[in-house]
Amino acid sequence: MTAAAKTRLANVAEWLAAAERITVLTGAGISTDSGIPDYRGPNGVWTRNPEAQRMSTIQDYVADPEVRKRAWQSRKVHPAWNAEPNDAHRALAGLEKTGKLTALVTQNIDELHQRAGSSREKVIELHGTIWWAECLTCGVRSPMADELARVSDDEPDPSCALCGGILKSATISFGQQLDPAVLRAAWAAAQRCDLFLAMGTSLMVQPAAGLCDVAVEAGARFVVVNAEPTPYDDIADTVLREPIGEILPALVAAVVEERT
Ligand code: ZN
């Protein structure tokens with residue numbers, strides 16, 4: 001690590017120690033170490049297969065049964081089913097124990113934060129969860145495992161058992177609005193923090209990326225941790241490019257130690 005990188009890390013460690021209300025925003029980059037590929041990185045799902053983006057676009061999903069069939073096949077083999085939380089997820093669960101964490105806002109749908117020990121009250125899932133299915137007509141939710149068990153040659157696109165409507169994972173697709181209550185909670189958490197960390201997110205998707213503006217305008221310090229450049233690097237107090245799984249556990253360990 002260069003001297004400049006060490007200085008940047010030391011600064012962030014100091015800010016973590018001084019902060020009282022930390023809000024964290026995480027994206028796909030925190031789960032790649034758990035074997036879940038990101039979307040826009042060099043090995044991203046959409047970089048390698050642009051067609052996959054149609055399965056995540058609500059208009060295509062509703063209009064085309066073939067897209068839905070492919071989506072169900074893709075869900076069956078989603079890496080989330082076998083993924084385990086990694087050191088970065090566990091570090092954030094540890095950060096919560098210091099009492100400094102206001103909220104853990106995530107763009108991820110894999111529930112790895114909760115499985116690492118972050119409490120459900122702190123995790124705000126901006127883009128929903130793949131662990132549940134939801135009817136696009138009546139809104140009823142069912143465990144994804146139950147719906148996946150129905151998928152077969154005879155039933156390649158299972159419909160809602162209650163109303164016959166189209167089922168989809170309870171995630172936000174392109175063209176779908178975020179849940180207003182979820183978005184409000186995330187906004188509030190960005191507004192009342194004194195340190196905002198954006199990690200493993202390309203900050204290319206709104207309204208998630210806009211949380212950075214909210215935090216900065218509210219006077220919070222703002223740190224970006226991401227391997228690739230983001231549109232928000234210019235307004236960040238500092239940018240760390242090192243792998244999250246390596247630097248985050250060390251940063252949090254220093255805070256935990258100080259508190260005990
Ligand atoms: Zn229904």
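E84 is exposed, with a relative accessible area of 51%. In this predicted model, the side chain of E84 meets that of R115 in a salt bridge, at 3.5 Å from N to O. That contact is one part of a structure that holds eleven salt bridges, an open sheet of six strands and a zinc ion coordinated by four residues, C135, C138, C160 and C163. The points below take these topics in turn.

**Salt bridges**

- The bridge between E84 and R115 links distant parts of the chain, the two residues being 31 residues apart. E84 lies in the loop between α5 (65-76) and α6 (87-97), whereas R115 belongs to helix α7.
- The partners in this bridge fall into two accessibility classes: E84 counts as exposed because its relative accessible area is 51% and the exposed class begins over 50%, while R115 is partly exposed at 38%.
- A further salt bridge joins the side chains of R120 and E111, with an N to O distance of 3.6 Å. R120 is exposed, at 54% relative accessibility, but E111 is buried, at 10%.
- D233 and R241 also form a salt bridge, and their closest N and O atoms are 2.7 Å apart. D233 counts as buried because its relative accessibility is 14%, and the limit for that class is under 20%. R241, by contrast, is partly exposed, with a relative accessible area of 35%.
- R54, D60 and D64 are joined into one network by salt bridges that share partners.

**The zinc site**

- The zinc ion is coordinated by the SG atoms of C135, C138, C160 and C163, at 2.3 to 2.4 Å.
- What is the geometry of the site of the zinc ion? The site is tetrahedral, with angles of 99 to 116° among its four donor atoms. These values meet the criterion for that class, because four donors count as tetrahedral if all angles lie between 85 and 135 degrees.
- Along the sequence, the donor residues follow the spacing C-x2-C-x21-C-x2-C. Within this set, C135 and C160 link distant parts of the chain, being 25 residues apart.
- C135 lies in strand β4 (residues 128-135), and C160 lies in the loop between α8 (144-150) and β6 (167-171). Both C135 and C160 are buried.

**The sheet and helix α10**

- Six strands form an open sheet in the order β3-β2-β1-β7-β8-β9, and their pairing is parallel.
- Which strands stand at the edges? They are β3 (123-125) and β9 (238-240); each has a single partner strand, so one side of each is left without a neighbour in the sheet.
- From one strand to the next, the twist of the sheet averages 15°.
- Strand β8 (residues 221-225) runs parallel to β9 and is joined to it by three bridges. In one bridge pair, V225 has L240 in β9 as its partner.
- Helix α10 packs on the sheet, where it touches β1 (22-26), β2, β7 and β8. The direction of α10 makes about 160° with that of β7.
- Helix α10 spans residues 210-217 and includes E217. E217 is exposed, with a relative accessibility of 70%. From A91, E217 is separated by 126 residues in sequence and by 27 Å in space, C-alpha to C-alpha.

**Backbone features**

- Most residues other than glycine have a negative phi, and most peptide bonds are trans. The residues below depart from one or the other of these patterns.
- E111, which is not a glycine, has a positive phi of about 60°. E111 lies in the loop between β2 (101-106) and α7 (112-116). The residue with this positive phi is also the buried partner of R120 in the salt bridge described above.
- L203 is likewise not a glycine and has a positive phi of about 55°. L203 is buried, with a relative accessible area of 3%, and is found in the loop between β7 and α10.
- Is the peptide bond from Q206 to P207 cis or trans? The bond is cis, with omega near 5°. P207 is found in the loop between β7 (195-199) and α10.

Key:
Residues numbered from 1 in each chain as written. Predicted model: local features only at pLDDT ≥ 70, side-chain atom pairs only at ≥ 80, totals over all residues. Heavy atoms only, no water. Donors = N, O, S within 2.8 Å, 3.2 Å for Na, K, Ca; no water. Tetrahedral: all angles 85-135°; square planar, octahedral: opposite > 155°, others 65-115°. Helix = DSSP H or I, 4+ residues; strand = E, 2+ residues; numbered from the N terminus. Buried < 20%, exposed > 50% of the residue type's maximum accessible area, 1.4 Å probe, protein only. Pairing = 2+ DSSP bridges. Axes fitted to C-alpha atoms, helices over the stretch in contact; angles between N-to-C directions. Contact = heavy atoms within 4.5 Å. Salt bridge = Lys/Arg side-chain N within 4 Å of Asp/Glu carboxyl O.
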